[in-house]
Amino acid sequence: MTSTLTISRLTKTFGAVKALSDVSLCVAPGERVALLGHNGAGKSTLMKVILGLISPDGGEVSVCGAAPGHAGARTKVAYLPENVAFHSALTGLEQITYYMRLRNVDPSGAMELLDRVGLGFAAKRRIGTYSKGMRQRVGLAQALIGRPSLLVLDEPTSGLDPVSRRDFYELLDGLAADGASILLSSHALTEVEARTDRLLILSGGQMVAEGTLPELRREAALPVAMHVTALNGYESDIMAALPGAIRLNGGLHLTCAQDEKLATLARISALQDKVADLDVVPPSLEDIYSHFSRRDGQ
């Protein structure tokens, strides 16, 4: 399957600062990929290169089979910045209609787009009366004009309430199911942990990790946490059988290496007559992100 976005050994320098160094990645049709990194990691520079706003110093970039910024790429790529800005005197419907005309798309579908992002009820209100979350949804509506093959989204859920965030990711799921590729940058790790297919972690301009969450968990080899709730009167017996367990939050907490997980579970299973409940907590995306992006002095 041909990738929608392919980047090979990309480099970009600003003076003495190496913003990107030997970065390679690809995004397949229908794939939802999260781009993670601390401020200054190179995420914005990478997105600007993909959009054709700046040129790389080295490496190769293919966007929908064309060079970044080429007409063939621009017609198939949509971008949503973190902080969108629209004319406050226009209504949501007028703004989307205007953008559709700019892209030579039939403007009769403007209302359908606004309904799709949950703004149909406010379509004829001036954007100056919209909340930040509503303006973000206008931005998403304009990003969907023309059924793009690649969506580049920078902190797309900024300003959205929890229900709107859920609706947003359901919309992305539908777009991906229809074959659209999605590259999104986000600091909301709990969101992307459950709603993306693959994770890319940038640190200091370098790609320090990439893969699915299970793959990154195996690579990071961080400890697994377990929380055991003892039946009344058996807490001491369980602590004796599980050296290293500590009392925490009304139960017993212990950790083990990934390759010791099954053996530890077997030991706990042997105590089943004394155990009321067991929770196994694998390393979270936040733990994995901190592991791979850790830098000296931070």
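This is a chat about aromatic pairs, cysteines and pockets in a predicted model.

Biologist: Hi! What should I know about the model before we start?

Modeller: It is predicted, so local features need pLDDT of at least 70 and side-chain atom pairs count only at pLDDT 80 or more, while totals for chains, interfaces and linings use all residues. Residues are numbered from 1 along each chain as its sequence is written, and side-chain values use heavy atoms, with hydrogens and water left out.

Biologist: Cool. How many aromatic pairs does a search of the whole structure find?

Modeller: Three. Rings of Phe, Tyr and Trp (its six-membered ring) pair if their centres lie within 6.5 Å; planes under 30 degrees apart are stacked, over 60 edge-to-face, and the rest tilted. One of the pairs is F86 with Y99, edge-to-face at 6.2 Å centre to centre and 70 degrees between the planes.

Biologist: And which parts does that pair tie together?

Modeller: F86 sits in the loop between strand 5 (77-80) and helix 3 (92-102), and Y99 is in helix 3, so the pair links parts 13 residues apart in sequence. Helices (H or I, at least four residues) and strands (E, at least two) are DSSP runs, numbered from the N terminus.

Biologist: Is F86 buried or exposed?

Modeller: Buried, at 17% relative accessibility, whereas Y99 is partly exposed at 23%. Buried means under 20% relative accessible area, exposed over 50%, and partly exposed in between (1.4 Å probe, protein chains only). F86, Y98 and Y99 also form one aromatic cluster.

Biologist: Switching topic: how many disulfides are there?

Modeller: Zero, from a search of the whole structure, with a disulfide being a pair of cysteine sulfur atoms within 2.5 Å. For C26, the nearest cysteine sulfur is that of C64, 14 Å away.

Biologist: Now pockets! What volume does the largest pocket have?

Modeller: About 360 Å³. A pocket is an open set of points on a 1 Å grid over the protein atoms alone, where a 1.4 Å probe fits, with protein on both sides within 12 Å along at least five of seven lines; lining residues have an atom within 4 Å of a point. Points are joined across faces, edges and corners, and the volume is the space filled by probe spheres set on them.

Biologist: Which residues are closest to its centre?

Modeller: Of 15 lining residues, R74, V77, A78, Y79 and R103. Strand 5 gives the most to that lining, with three residues.
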